[in-house]
Amino acid sequence: MARSTQHRTTPASRRVLLIIGGFAGLALLGAMLSLDSLRLLGLAVPVLVMLGFAILVNPGLFLAYFVGLRPLVDIAVFFPIGGYTLGTIWGAALLGVLFVYWILYGVRMPMRDTRWLIPTVFVIAYALFTMVGRSGDSFEAISALMKIASWVFLALACEQIASTPDGQRTIVRAGTLMAGLTAAVIAVAISQNQYGAAYYAGGEAYNTMGQGPHGLASMAVVSSAFVWMGAMHSRRRTAYAILAALLGVGIALSFVRTTFLAYALITGWFVLWSLRSKQPRVVFTALAAVAAVVVAVFMFQDAML
């Protein structure tokens, strides 16, 4: 049986990704430098054109990397553009990318079993209970529905993409890209004193258009799962473990205890797996990553408790 090429990363695909990332970075830099709307539009148009081309070439691959680039948006997620925020525009773009994926590819690929029915029914039920007979703020209700629907159908799309070996590698690489960018965005927020300590201290010192510590820490937790997957199955375990440790330190410095507990559960699974593997290097790598996070928690325990 011929192996599917729908999610295979070709050199041309990599070049398109680099071009999209370059223009997206320029657009975000322009937003942070407060360029006028016309110049920002000029930077955004090439991104949209290249993204549209990329979706048509390989919808699954570019859906994964589109989501992996999300931390770039969090640098200025609340930046206003035409009455909307940058985060809102990205969310609308995600819905568009998902729509193109399901139309061009998703509906032609059957799910492996009927478990996709449960999240689909959940979205439909949520829409019915939220919208039918509602007398409150409809905009907030629609916004919440779109967020839930987009992430549910994104999870189903990732399940489809990961049904092949090439697709599994794509998902892990995109998740690792998200993890690395999240660690970088957290480092920027800490250097600008716009992260956990400043957030909980309150006052005028905390004034940012970037994502808050809760959002960044949650993204770090989600992306850490992909990093640990890479550490389990890649030859570059040390590099993955270092990234996982950096994410753990960033989560600890957010002072958001629920995210730290979630990270501890994910990391604990990898530690148990490494002990079962009975490979000294793997065990040492896992324990070293955990030790770095424990040190960070110990140093800032008063602020966290």
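## A guided tour, starting at Trp-102

Select Trp-102 and show what surrounds it: leaving aside neighbours within four places in sequence, Trp-102 is in contact (heavy atoms within 4.5 Å) with Val-107, Phe-153, Leu-156, Ala-157 and Gln-160. Before going on, note that this is a predicted model, in which local features need pLDDT of at least 70 and side-chain atom pairs count only at pLDDT 80 or more, while totals for chains, interfaces and linings use all residues. Residues are numbered from 1 along each chain as its sequence is written, and side-chain values use heavy atoms, with hydrogens and water left out.

**The cores**

Next, add Leu-63, Val-67, Leu-94, Leu-98, Tyr-101 and Ala-157 to the selection; together with Trp-102, these residues touch the most other members of the largest nonpolar core, which has 28 residues. A nonpolar core is a set of buried Ala, Val, Leu, Ile, Met, Phe, Trp, Tyr and Cys residues joined through side-chain atoms within 4.5 Å; buried means under 20% relative accessible area, exposed over 50%, and partly exposed in between (1.4 Å probe, protein chains only). Two or more residues of this core come from each of helix 3 (59-68), helix 5 (86-104), helix 7 (138-161) and helix 8 (165-191), where helices (H or I, at least four residues) and strands (E, at least two) are DSSP runs numbered from the N terminus. A second, separate core of 22 residues can be found by selecting Leu-216, Leu-243, Leu-253 and Phe-270, which are among its members.

**Helix 3 and its ring**

Now colour helix 3, where ten of the ten residues are buried, so this helix is largely enclosed by the rest of the structure. Within helix 3, show Phe-66 together with Trp-90, and the two rings appear as a stacked aromatic pair, 5.3 Å centre to centre with 0° between the planes. Rings of Phe, Tyr and Trp (its six-membered ring) pair if their centres lie within 6.5 Å, and planes under 30 degrees apart count as stacked, over 60 as edge-to-face and the rest as tilted. Because Phe-66 lies in helix 3 and Trp-90 in helix 5, the pair ties together parts that are 24 residues apart in sequence. Both Phe-66 and Trp-90 are buried, and adding Trp-151 to the view completes a cluster linked by ring pairs.

For a second pair, move to Phe-122 and Tyr-126, whose rings are tilted at 45° between the planes and lie 6.3 Å centre to centre. These two residues are four apart in helix 6 (residues 117-131), and are therefore separated by about one helical turn. Phe-122 is partly exposed, with a relative accessible area of 43%, and Tyr-126, at 25%, also counts as partly exposed.

**Salt bridges**

The structure holds two salt bridges, each being a side-chain nitrogen of Lys or Arg within 4 Å of a carboxyl oxygen of Asp or Glu. Select Asp-74 and Arg-70, whose side chains meet at 2.9 Å, N to O; Asp-74 is buried at 1% relative accessibility, and Arg-70 is buried at 11%. Then go to Asp-166 and Arg-169, which meet at 2.4 Å, N to O: here Asp-166 is buried, with a relative accessible area of 9%, whereas Arg-169 is partly exposed, at 37%.

**The whole chain**

Finally, zoom out to the chain, which has 14 helices and two strands, and in which buried residues make up 42% of the 305 residues.
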